[in-house]
Amino acid sequence: MENIIELKNVSKKIKDFQLKNISFEFKKGYIMGLIGPNGAGKSTLIRCLMDLVRVDDGEVNIFGMTHMENTIEIKQRIGFVYDESHFYDDLSLEKNKKIIAPFYRNWDDSTFYSYIKKFNLPLKKKIKTLSKGMKMKFAIAMALSHNPDLIILDEPTAGLDPVFRREMLDILQDIIQDENKSVFFSTHITTDLDQVADYITFINNGEIVFSKEKDIIFEEYFLLKGPDSLAVDVPKVNLIGGRKTGVGFEALVDGIDNIEQQLLNQLHIETPSLETIMYYTIRGNSL
Ligand SMILES: Nc1ncnc2c1ncn2[C@@H]1O[C@H](COP(=O)(O)OP(=O)(O)OP(=O)(O)O)[C@@H](O)[C@H]1O
């Protein structure tokens, strides 16, 4: 299957921070979520994908092309939605559309108006009068109206109430019903990814922790719970992180094949959420 995004050993230093040796692939027709704690480098990575910052080392391939050779073509085919409002605040939605649409060769007014209607957006109002959720919907309407093959969103659900958030996730899922389209988005809200993502890329401190199919992640990680006295028996080789909980211990492990059946019989084994995986990976072990 065709890779829509391919990063090979990408490094980028910005002052004290560095993205280090980032490599991953993302196939067409799916949703990939990018997770990581504050300051992990998610926005910086997205800026590298968009060539808003030039990488120091490594290769960024989008649609099999590099920005160096084909940046205009690549940007025509990406719908980019990011946090800071990049519209003209004092102009109406319609005027914004009139200014921005001519930059895209595949702009489709009927798609634009159908999203305006679907999202119930007030065309005549100024951008600055919109709520955060409405601004996000307008940004998505604009991004989708030039018929992009790849939608990249930097925290599209941040600051949205649960109803808007659910709607936003439905929109992202609708997009990939067309199997030629793909969605790549960063978020702090890992439960959103539990619902919609096919692939997860997790970065911490500028480095990749993993980039995998979501279902495989849930097959590989286990959350073990048991009495304190058994905590020492959890093999260190599989231990990602753990803590004493007051009523016993809890440990995240990346495999249970090394663990004696006799010990497993005495433990409670759960499939961890993405949030738990992220938490223990970052926090480490204090058993
Ligand atoms: N222009 C810049 N000048 C200085 N430092 C920067 C700049 N851009 C990013 N950084 C630093 O790089 C690091 C990664 O930032 P980035 O915004 O990519 O993280 P993030 O994972 O998106 O974080 P958050 O979840 O908080 O939005 C941070 O420590 C940030 O302070």
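**A ligand shell, a sheet and two unusual backbone angles**

Asp51 is partly exposed, because 16 other C-beta atoms lie within 10 Å. I begin with this residue, and I should say at once that the model is a predicted one. Asp51 belongs to the loop between helix 1 and strand 4 (57-62). Its phi is near 60°, a positive value in a residue other than glycine. Most residues other than glycine have a negative phi.

A second residue invites the same attention. Lys15 has a positive phi as well, near 50°, and is not glycine. Lys15 sits in the loop that links strand 1 (3-14) and strand 2 (17-27). Is Lys15 buried or exposed? Lys15 counts as exposed, because it has 5 C-beta neighbours inside 10 Å.

Lys15 also brings us to the ligand, since the residues that surround the ligand include Ile14, Lys15, Phe17 and Lys42. By class, this shell has 3 nonpolar, 6 polar and 2 charged residues. Which element gives the most to the shell? That is helix 1 (residues 42-49), with 3 residues.

I turn now to the sheet. Four strands form an open sheet in the order 2-1-4-5, with antiparallel pairing. Strand 2 and strand 5 (65-66) stand at the edges with a single partner strand each, so one side of each has no neighbour in the sheet. Strand 1 and strand 2 run antiparallel and are joined by 8 bridges. Helix 1 packs on the sheet and touches strand 1, strand 2 and strand 4. The direction of helix 1 makes about 120° with that of strand 1.

Note on methods
Residues are numbered from 1 along each chain as its sequence is written. This is a predicted model: local features need pLDDT of at least 70, side-chain atom pairs count only at pLDDT 80 or more; totals for chains, interfaces and linings use all residues. A residue is near a molecule or strand if its C-beta atom, placed from the backbone, lies within 6 Å of it. Ala, Val, Leu, Ile, Met, Phe, Trp, Tyr, Cys and Pro count as nonpolar, Asp, Glu, Lys and Arg as charged, and the others, Gly among them, as polar. A residue is buried if 20 or more other C-beta atoms lie within 10 Å of its own, exposed if 12 or fewer, and partly exposed in between; C-beta atoms are placed from the backbone. Two strands pair if DSSP finds at least two bridges between them. Two residues are in contact if their C-beta atoms, placed from the backbone, lie within 7 Å. Axes are lines fitted to C-alpha atoms, for helices over the stretch in contact, and angles run from 0 to 180 degrees between N-to-C directions.
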